[in-house]
Amino acid sequence: MKGVITVLGKDQVGIIASVCSYLSNEGINILDISQSIVQGFFNMIMVVDVTNTGKPFEQMVNELRELGETIGVQIKIQHEDIFNGMHRI
Amino acid sequence: MITFQEISETNKMFAESHLDVRTITLGVSLLDCADENIERFNQKIYEKITKSAENLVKTGNEIAMQYGVPIVNKRISVTPIAIAAAGCRARRYLSVAKTLDRAAQAVGVNFIGGFSALLQKGSTESDKALVRSIPEALSNTERVCSCLNLASTRDGINMNAVAKSGRIIKEMAELSKDKGCIACAKFVVFCNAVEDNPFMAGAFHGVTERENVINVGVSGPGVVKRALEEVRGADFETLCETIKRTAFKITRVGQLVALEASKRMGIPFGSLDLSLAPTPEMNDSVAEILQEMGLEQPGAPGSTAAIAILNDNVKKGGVMASSYVGGLSGAFIPVSEDHGMIEAVKSGALSLEKLEAMTCVCSVGIDMAAIPGDTSPETISGVIADEMAIGMINGKTTAVRIIPAIGKNVGDTLEFGGLLGSAPVMPVSGVSCADFIKRGGRIPAPIHSFRN
């Protein structure tokens, strides 16, 4: 199962490191990544494989949100089907 | 694999354009709760509703979390009480309304629809008891919604019920005048009511439906408006194509949520209603779409054409995206729930008469419009009769949800708060229709109803 992680917020040191160390601890593999900084605003989208994590999806949603709150950015994870549903037939 | 651009596009729809699943509505049949004792009936319906809907709110929240889709409301619709409670042979159904209210509160939903009767051809004793109970029931409960079907293309218009509806609307406005006449916002009359509508106040679980069913209403006028900004000034073909493509994407979200809710709750998926329903928020307005199309404000000449284009192309895009499109599916134009409509009324651009014209081609009818508190019941019935005639002749659903603002006049505003918004009082013609309304009886079905 794949998830899409989006990170939005003011750029600072260590955003990618924090997110990636969470993913690595949970056994979540990063499949693709895109990152940009526009006028000091950090924007990252990651496609990840969550098949090997034992956690329920809702728990990851909460944990990533909390991680975002501690480092001052917004982090979301969504099931990829919402994007497939909208853009693929 | 999905592209980053597509991911951004979807998330912008949620974050900036207020795309949301407006409601997951669980339909519950109460036919098997029939009892000759009203207390036992109430107990049975309470148990059935709370058991059927015990996981509704939880499931809705889980789906919202997993997909990052806002799911605004979780609601319940039940078998029309006039049918389900007929065995009780009671004179009044206030206790039934209170039971529905308690059941809705117990499972955490904000509205429960189905305190309803289908009167298009006439009234049973139970229908009469229900209608008699509506003003008291809606003034003494918070979550209960009621609708009456007064007419259909097949059966004509029950003018006795139209006359009665004018009186009960006035009565419940009086009864709830200390709360902004809020009871009237929970009551709607229909022509050609649909049995799988997930939207309040008109939701009920039709007698031809299954035991339980999940109906989903998806919304997103802001997304359509944003898409139209990209093609500003382009010709009508481009305009229609853009609306269609956007409606398709919006509907796919609803389809996904509906199937997931159905799977998780083990309840069959009924239908997806792809109505564009506004909220009082900026960028969540049907009026803004009309403005983006090129009208200064709704109510300008061209408004009926514009809403016709919107309604038709929402349907065309939507039906491609889901196997079971149902409900009302089109564009809603409630006055109080759309800041652009409110401004149009306040500036004098939009009159009740122009609103009526727009209802000929939009998905429902005159919705959430406030009128002066001293409007006579006969005049209210006249407005209803006109709307019923539009529905009957054109073979479409039409509705009236109108609020006499007791103690207020044109220039004043009724405040409801929340999704219901605020309603500026609209002027109503003072020319009498009293003698027309008091004739009574039934208007026969139109000639084109004989299609066999």
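Two strands count as paired if DSSP finds at least two bridges between them. I wrote that down before opening chain A, and I also noted that this is a predicted model.

**Entry 1: the strand pair in chain A**

I went to Thr6(A) and looked across the ladder: Lys76(A) of β4(A) stands opposite. The partner strands are β1, residues 2-10 of chain A, and β4(A), and they run antiparallel with seven bridges between them. Strand β4(A) covers residues 73-79, and I find it mostly covered, with five of its seven residues buried. A reminder to myself for reading such a ladder: in a regular strand the side chains alternate between the two faces of the sheet.

**Entry 2: chain A as a whole**

I counted elements next and got three helices and four strands in chain A. Read from the N terminus, the order is β-α-β-β-α-β-α. How does the radius of gyration of chain A compare with the globule rule? I have 13 Å for the chain, close to the 12 Å the rule gives for 89 residues, so chain A is as compact as a globular protein of that length. The C-alpha trace spans about 35 × 30 × 20 Å along the principal axes of chain A. I also checked burial, and 30% of the 89 residues in chain A are buried. Then I looked at how far apart in sequence the contacts reach. Of the contacts in chain A with a separation of 6 or more, 68% are between residues 24 or more positions apart.

**Entry 3: where the chains touch**

How many residues of each chain take part in the contact between B and A? I get 18 from chain B and 19 from chain A. On the chain B side, α1 (4-15), α3 (56-67) and α9 (236-265) each give at least two residues to the surface that touches chain A. I sorted that side of chain B by class and found nine nonpolar, five polar and four charged residues.

**Entry 4: a helix crossing in chain B**

I moved on to α10 (residues 286-293) and α11 (residues 303-319) of chain B, whose axes come within 10 Å and cross at roughly 110°. Angles of 65 to 115 degrees count as roughly perpendicular, so α10(B) is roughly perpendicular to α11(B). From α10(B) the contact takes Ile289(B), Leu290(B) and Met293(B), and from α11(B) it takes Ser303(B), Ala306(B), Ile307(B) and Leu310(B). By class I have six nonpolar residues, one polar and no charged in this contact.

**Entry 5: backbone oddities in chain B**

I keep the usual case in mind here: most residues other than glycine have a negative phi, and most peptide bonds are trans.

Which peptide bond did I find to be cis? The one from Met200(B) to Ala201(B), with omega near 10°. I placed Ala201(B) in the loop between β7 (187-191) and β8 (212-219) of chain B.

Asn192(B) is in the loop between β7 and β8 of chain B. Its phi is positive, about 55°, although Asn192(B) is not a glycine. Is Asn192(B) buried or exposed? The cut-off for buried is 20 or more other C-beta atoms within 10 Å, and Asn192(B) has 20 such neighbours, so I put it down as buried.

I logged Cys181(B) as well, with a positive phi near 55° in a residue other than glycine. Cys181(B) belongs to the loop between α7 (159-175) and β7 of chain B. I counted 26 other C-beta atoms within 10 Å of Cys181(B), so this residue is buried.

Notes:
Residues numbered from 1 in each chain as written. Chains lettered and ligands numbered in written order. Predicted model: local features only at pLDDT ≥ 70, side-chain atom pairs only at ≥ 80, totals over all residues. Rg over C-alpha atoms; globule rule 2.2 N^0.38 Å. Buried ≥ 20, exposed ≤ 12 C-beta atoms within 10 Å, placed from the backbone. Contact = placed C-beta atoms within 7 Å. Axes fitted to C-alpha atoms, helices over the stretch in contact; angles between N-to-C directions. Parallel < 35°, antiparallel > 145°, perpendicular 65-115°, else oblique. Nonpolar A, V, L, I, M, F, W, Y, C, P; charged D, E, K, R; others polar.
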